[in-house]
Amino acid sequence: AVPVGNAAADGTLANASIANNTADVAPTAPALVVPLDAQFVNSVTPALTASFADPDTQDSGKITFQVCSTSNCSTVLQTLDSTSTNLAVGANGSATYSGGTALVDGTTYYWRAKDVDAGSSSSAYGAIRSFTVDTSGPTNVFSLTGVSNVGGLPVAFYPGTGSTIFYNGSP
């Protein structure tokens with residue numbers, strides 16, 4: 001409609017409110033970002049990251065994470081929310097494990113996430129990924145066993161110092 005002669009275009013609305021009766025659509029399960037599935041993490045307090053997803057493109061919300069000791073997440077060690085509770089659709093949210101149950105070096109754990117929008121509607125928990133805590137560095141142990149000889153010379157040989165292995169006489 002053209003503004004000229006349109007009462008709504010130049011009228012006023014005093015002491016009234018407009019209600020938006022559009023139903024809130026629940027968000028979808030977030031895409032897990034890091035740690036990758038089966039990744040080794042060098043921390044007993046790993047950071048978890050996922051991407052907020054909601055069909056209501058103007059909605060915002062948070063991501064709720066769970067860290068579990070079982071592959072189906074039947075034993076939850078900690079549930080925690082993303083540090084930002086006002087994530088835009090498509091934004092990543094993160095949280096750092098700080099749970100009451102300490103994670104143990106060399107142990108595999110599992111994690112999953114769900115989205116919760118500003119209207120408190122939530123998705124189901126999505127896919128489950130695993131990570132293994134590995135806070136000890138590798139050892140520099142080298143062993144050369146079963147050296148074969150060709151023409152009286154070893155095919156591969158380690159002189160006992162340095163980091164060079166000789167193969168067929170060449171480093």
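Accessible areas here come from the Shrake-Rupley method with a 1.4 Å probe. I applied that to the model, which is a predicted one. The accessible surface of the protein comes out at about 10,500 Å², and carbon and sulfur atoms hold 53% of it.

**Entry: overall make-up**

I looked up the secondary structure and found one helix and 13 strands. Read along the sequence, the helix leads and the strands follow, in the pattern α-β-β-β-β-β-β-β-β-β-β-β-β-β. I then checked burial: 27% of the 171 residues count as buried. I also looked at how far apart in sequence the contacting residues are. Among contacts with a separation of 6 or more, 60% are between residues 24 or more positions apart.

**Entry: the nonpolar core**

I went to the largest nonpolar core, which has 19 residues. Which of them touch the most other members? I noted Ile63, Phe65, Leu103 and Phe131. I then asked which strands each supply at least two residues of this core. They are strand 3 (47-51), strand 4 (60-68), strand 5 (76-81), strand 8 (108-117) and strand 9 (129-133).

I picked Phe131 for a contact list, leaving out its neighbours within four places in sequence. Phe131 is in contact with Pro35, Gln39, Val41, Pro46 and Val67, and also with Leu103, Thr107, Thr108, Tyr109 and Trp111. Leu103 is thus on this list, and Leu103 is also one of the core residues named above.

**Entry: Ser123**

I located Ser123 in the loop between strand 8 and strand 9. Is Ser123 buried or exposed? Its relative accessibility is 9%, and the cut-off for buried is under 20%, so Ser123 counts as buried. With neighbours within four places in sequence left aside, Ser123 is in contact with Pro27, Thr28, Ala29 and Pro30, as well as Lys114 and Asp115.

**Entry: a three-stranded sheet**

I traced an open sheet of three strands, in the order 1-3-7, with antiparallel pairing. Strand 1 (31-34) and strand 7 (92-96) are at the edges; each has a single partner strand, so one side of each is left without a neighbour in the sheet. Direction ignored, neighbouring strands of this sheet are turned by 30° against each other on average.

I looked further at strand 3 and strand 7, which pair in the antiparallel sense over five bridges. Where is the bridge partner of Ser51? I found it in strand 7, and it is Asn92. Strand 3 therefore turned up in two of my entries: it supplies at least two residues of the core, and it has a place in the sheet order 1-3-7.

Methods
Residues numbered from 1 in each chain as written. Predicted model: local features only at pLDDT ≥ 70, side-chain atom pairs only at ≥ 80, totals over all residues. Heavy atoms only, no water. Helix = DSSP H or I, 4+ residues; strand = E, 2+ residues; numbered from the N terminus. Buried < 20%, exposed > 50% of the residue type's maximum accessible area, 1.4 Å probe, protein only. Contact = heavy atoms within 4.5 Å. Core = buried A, V, L, I, M, F, W, Y, C linked by side-chain atoms within 4.5 Å. Pairing = 2+ DSSP bridges. Axes fitted to C-alpha atoms, helices over the stretch in contact; angles between N-to-C directions.
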